[in-house]
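Trainee: I would like a close look at one part of this model, namely its interior. Could you walk me through it slowly, and explain the terms as you go?

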Amino acid sequence: MYSVVIHSPHDLRVDQIDQPGTPEPGTITVQIDKGGICGSDLHYYHNGGFGTVKIREPMVLGHEVAGTIIAVGQNVTGLAVNDKVAVNPSMPCNQCQYCRANMRNQCTDMRFFGSAMRFPHQQGLFRQQINLPAEQLVKLSPDINMEHAACSEPLAVCLHAVRQAGALSGKKVLVSGCGPIGCLTILAAAHSGAHWITGTDLSKAALDVASQAGANSCIDVARNADAFKTLGMNKGTQDVVFECSGSPQALASAFDAVKPGGTIITVGLGGNGELPLSLAVTKEVRMIGSFRFDAEFAQAAELIDRKVIDVSPIISSVLPFRDAKTAFDLASDRSQSMKVQLDFG
């Protein structure tokens, strides 16, 4: 059996690993079908990690996957061999104060597949087969498109962000940064009833996908800064801004665009920067962080499964897992790709 393993920056290998054994009680063996390359995977690929989180041993990457059940352990109900499933990569402890307060995304003892935050690292899901606890799986329809199913995790991130914003029905929404998370946020905001969605980015290719995802208007801030300035007319025009790029400059600009009493949701992780505190105070802006997800994972998988939300606009390429390095290089080029997936079939 093979997996996609990062050994050091740009040293990405397809390594042979042991087959999973017979599933223990409460666990299931899943044949991974599709897996999406995430921004964090790219950080491990290019930089060996991000911030203080660095790989200290070879680590299987990947946390956006879907697959098919091939074996079921004892004491498992509701799931059977040949069922299609989305895999929730988040494993909160369910014991800490935040888990007990129904804030499981803030768990102090979180395990998350494909993460070097712990040592030994929490190995990831870019592998052909794996044994998993049954509670990590969401059952899907037999005819589900597995490329779509593998987008359940990033869509869950965006559903959580939209939930942080409160009711969007009839509101004007700005999504700043139209990468995969930004475009999925557009889809989630539209599903929640946003009246008019504007997408902004520095890349025309990204904005083309944002338009396909449902943005009513798109602004290329690199080439049309004046159009962005119109969003700040009359103290601001946007009820809610989702800042998905992680750029400190973009976050500062969000305070110009948001209305007095409006809300800024910070979704993208980036560096620290100065904020226009005078605008935050005088416009009485609410700024809320949004981190990962919890119950939204099952919701995301269901919305994709029922074809309520169509994630196909963001899927730009699907390559065989043996071509992982080519896939990671392609995923790193925003002019050519949005979401690149690996095929483990």
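Mentor: We will start with the chain as a whole, go into its interior, and then visit a few single positions.

Keep in mind that this is a predicted model: local features need pLDDT of at least 70 and side-chain atom pairs count only at pLDDT 80 or more, while totals for chains, interfaces and linings use all residues. Residues are numbered from 1 along each chain as its sequence is written, and side-chain values use heavy atoms, with hydrogens and water left out.

The chain contains 11 helices and 20 strands; these are DSSP runs numbered from the N terminus, with helices being H or I of at least four residues and strands being E of at least two. Its radius of gyration is 20 Å, close to the 20 Å from the globule rule for 345 residues, so the chain is as compact as a globular protein of that length. That radius is taken over C-alpha atoms, and the rule is 2.2 Å times the number of residues to the power 0.38. Along its principal axes, the C-alpha trace spans about 65 × 40 × 40 Å.

How much of the chain is buried? Buried residues make up 53% of the 345, where buried means under 20% relative accessible area, exposed means over 50%, and partly exposed is in between (1.4 Å probe, protein chains only). Look also at the contacts, meaning heavy atoms within 4.5 Å. Of those with a separation of 6 or more, 66% are between residues 24 or more positions apart.

Now for the interior itself. In soluble globular proteins, nonpolar side chains tend to be buried together. We call such a set a nonpolar core: buried Ala, Val, Leu, Ile, Met, Phe, Trp, Tyr and Cys residues joined through side-chain atoms within 4.5 Å. Here the largest core has 52 residues, and those with the most contacts inside it are Leu168, Val173, Cys183, Ile186, Phe242 and Ile314. Several elements each supply at least two of its residues, among them strand 12 (137-140), strand 13 (172-176), helix 5 (180-191) and strand 16 (238-243). Helix 4 gives the most, with eight residues. A second, separate core of 41 residues includes Ile28, Ile37, Leu79 and Phe328.

Try clicking on Val173 in the largest core. Beyond its neighbours within four places in sequence, Val173 is in contact with Leu168, Ala189, Ala194, Trp196, Ile197, Thr198, Gln238, Val240 and Phe242.

Next, go to Ser152, which lies in helix 4. Ser152 is buried, at a relative accessible area of 1%. Setting aside neighbours up to four places away, its contacts are Ala86, Phe297, Ala300, Ala301 and Ile304. Asn88 is 64 residues from Ser152 along the chain, with 8.3 Å between their C-alpha atoms.

Loops can reach inside too. Gly114 sits in the loop between strand 10 and strand 11, and with 5% relative accessible area it is buried. Outside its neighbours within four places, Gly114 touches Tyr44, Met59, Val60, Gly62, Gln122, Gln123 and Gly124. His63 is 51 residues from Gly114 in sequence and 6.0 Å away in space, C-alpha to C-alpha. Pro120 belongs to the loop between strand 10 (111-112) and strand 11 (129-133), and a cis peptide bond with omega of about -5 degrees joins Phe119 to Pro120.

Another buried loop residue is Pro92, at 12% relative accessibility, between strand 9 (90-91) and helix 2 (97-100). Leaving out residues within four places, Pro92 is in contact with Cys99, Arg104, Cys107 and Met110.

For contrast, look at two loop residues that are not buried. Most residues other than glycine have a negative phi, and most peptide bonds are trans. His10, however, has a positive phi near 65 degrees; this residue is partly exposed, with a relative accessible area of 43%, and is found between strand 1 (2-8) and strand 2 (11-16). Asn82 likewise has a positive phi, near 85 degrees. Asn82 lies between strand 7 (64-72) and strand 8 (84-87) and is exposed, at 58%.
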